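Visitor: I am new to protein structures and would love a close look at just one part of this one. Please pick a sheet and walk me through it slowly.

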Amino acid sequence: MARGPRETALTVMRSFVAIDIPLGIHHQIRELLELLQPAGTNVRWSRPEGLHITLKFLGEVSPEKVEQIKTQLQSVRLAAPLPIEVRGAGFFPNERAPRVIWLGIHAGPELAELARRIEESLAPLGIAKEDRPFSAHLTLGRLRAPDRLVAVRELLRQREPLEMGSFTAEEFYLYESQLAPGGSIYRRIARFPLVEATA
């Protein structure tokens, strides 16, 4: 028998794995967005407090699978904490036909390795691997319709090299994403240390 919308909503959750951004960088991004928003009226801008570095989007999963995911992620580790810098901006798929405005994430190869290890750990649960290379970024906004964004692009150029700050990641999280009228609300489900604790 088919499940109704309410039953489906109660038995699955939209989830992803991510690294948090510190409050200081959130503050820098908020100031940038206050500058850009009047120039980009055709953009659905992100909420600074909701920004994070997505390592793996999982989609809708059942509570039972969430527990299996938590177990699998417990074994994912790196050799050392991960230095990360937030700087630069750009457009997906390209500047001529922008659909997404992003902030750059700069880290060593360990960040992509972390994403790869997460994918490998979750593959036995039937969670498909990405079909494109890992590209770390923060989504500043999404265009509601194609637009050249001349004013926004000029404001970003004026702020170059557009340095938002740096931090050292020591953990990552499993999140639940709840859709809401004002934008998605994110709730931490579980925390995972990047480095094995020493005695």
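Guide: We will visit one sheet strand by strand, then turn to the helices that lie against it and to a residue in one of them.

Before we start, please keep in mind that this is a predicted model, in which local features need pLDDT of at least 70 and side-chain atom pairs count only at pLDDT 80 or more, while totals for chains, interfaces and linings use all residues. Residues are numbered from 1 along each chain as its sequence is written, and side-chain values use heavy atoms, with hydrogens and water left out.

Our sheet is open and has five strands, in the order β2-β6-β5-β4-β7, with antiparallel pairing. At its edges stand β2 and β7 (163-169), and each has a single partner strand, so one side of each is left without a neighbour in the sheet. On average, neighbouring strands here are turned by 30° against each other, direction ignored. Some vocabulary will help: strands (E, at least two residues) and helices (H or I, at least four) are DSSP runs, numbered from the N terminus. Two strands count as paired if DSSP finds at least two bridges between them. In general, the strands of a sheet pair through backbone hydrogen bonds, either parallel or antiparallel.

Let us walk in from the β2 edge. Strand β2 (residues 43-45) is joined to β6 by three bridges, and the two run antiparallel. One pairing to find is W45, whose bridge partner in β6 is G141. On the way to β5, look at G141 again: I101 stands opposite this glycine. Five bridges join β5 (residues 100-107) to β6, again antiparallel.

Is β6 itself enclosed or open to the outside? Five of the seven residues of this strand (residues 137-143) are buried, so β6 is largely enclosed by the rest of the structure. Buried means under 20% relative accessible area, exposed means over 50%, and partly exposed lies in between (1.4 Å probe, protein chains only).

Further along, β4 (residues 82-92) and β5 are joined by seven bridges and run antiparallel. Here G90 has W102 in β5 as its bridge partner. Helix α2 packs on this sheet, touching β2, β4, β5, β6 and β7, and its direction makes about 155° with that of β7. Another helix, α5 (residues 150-158), lies across β2, β4 and β5 and runs at about 145° to β4. For these angles, axes are lines fitted to C-alpha atoms, for helices over the stretch in contact, and the angles run from 0 to 180 degrees between N-to-C directions.

Our last stop is H26, which sits in helix α2 (residues 23-36). Its relative accessibility is 10%, so H26 counts as buried. What is H26 in contact with, leaving aside its neighbours within four places in sequence? The residues are I21, P48, E49 and L51, where contact means heavy atoms within 4.5 Å. With L51 there is also a polar contact: a polar atom of the H26 side chain lies 3.4 Å from the backbone oxygen of L51. A polar contact is a pair of N or O atoms within 3.5 Å; within protein, one must be able to donate a hydrogen and the other to accept it, and residues adjacent in sequence count only if both atoms are side-chain atoms.
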